[in-house]
Amino acid sequence: MPCYRCGARQTDPVRGASPWRRGVRGEIQVLICPDCQRVHDLELDLCESCGSTSLICRLGEVECRACGSVRLARLTAPAGSQPPPGLADEVEAALNRVLGLSRQ
């Protein structure tokens, strides 16, 4: 999954904590690269209980890591939530490399 702001792709992680951050924007979990984390307004969703941006989205629920509040995710996807162009080709190429397949 690329950074939602700049499209940078995560590389294989080094040992230790990842410098990438998770967040929720428009009811969809997103990743934020270290460079984009320096931006003050990331336009992330806020917890309705405590106002924190430390949210995760999973299995149709949005959970706040700060206060523990859990709510159902709204089912409407925001405009522009389509995968970036070329993502399907990149995934196919990666699978072919890992599985040792060649394009016919």
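Helices and strands here are DSSP runs, with helices of at least four residues and strands of at least two, numbered from the N terminus. The model is predicted.

**Exercise 1.** State where Glu43 and Leu59 lie in the chain, and work out what sets their backbone angles apart from the usual pattern.

*Solution.* Begin with placement: Glu43 sits in the loop between strand S2 (28–32) and strand S3 (55–58), while Leu59 belongs to the loop between S3 and S4. Next, take the angles: the phi of Glu43 is near 55°, and that of Leu59 is near 50°, each being a positive value in a residue other than glycine. Most residues other than glycine have a negative phi. Finally, consider exposure, for which the cut-off is over 50% relative accessible area for exposed and under 20% for buried. Because its relative accessible area is 48%, Glu43 counts as partly exposed, whereas Leu59, at 84%, is exposed.

**Exercise 2.** Describe the secondary structure of the chain in sequence order, and compare the span of H1 with its expected value.

*Solution.* The chain holds 1 helix and 5 strands, and along the sequence these elements follow the pattern β-β-β-β-β-α. Helix H1 covers residues 87–99, and its 13 residues reach 18 Å from the first C-alpha to the last, close to the 18 Å expected at 1.5 Å a residue. Just after H1 comes Gly100, which takes a positive phi of about 70°.

**Exercise 3.** Identify the residues of the largest nonpolar core, and then follow the contacts of Ile32.

*Solution.* The largest nonpolar core has 9 residues, namely Cys3, Trp20, Val30, Leu31, Ile32, Cys33, Cys36, Leu42 and Leu44. Once neighbours within four places in sequence are set aside, Ile32 is in contact with Cys3, Trp20, Leu42 and Leu44, among others, and its partners also include Tyr4, Arg21, Arg22, Gly23 and Gln37. A second core, separate from this one, has 7 residues, among them Val24, Cys47, Val62 and Cys64. Across the chain of 104 residues, 24% count as buried.

**Exercise 4.** Determine where the confidence of the prediction is lowest and where it is highest, and give the overall level.

*Solution.* Start with the whole chain, for which the mean pLDDT is 83 and 87% of the residues reach 70 or more. Then turn to the elements: confidence is lowest in helix H1, at a mean of 82, and highest in strand S4 (residues 61–64), at 93.

Notes
Residues are numbered from 1 along each chain as its sequence is written. This is a predicted model: local features need pLDDT of at least 70, side-chain atom pairs count only at pLDDT 80 or more; totals for chains, interfaces and linings use all residues. Side-chain values use heavy atoms; hydrogens and water are left out. A nonpolar core is a set of buried Ala, Val, Leu, Ile, Met, Phe, Trp, Tyr and Cys residues joined through side-chain atoms within 4.5 Å. Buried means under 20% relative accessible area, exposed over 50%, partly exposed in between (1.4 Å probe, protein chains only). Contact means heavy atoms within 4.5 Å. pLDDT is the predictor's confidence in each residue, from 0 to 100. The expected span of a helix is 1.5 Å times one less than its number of residues.
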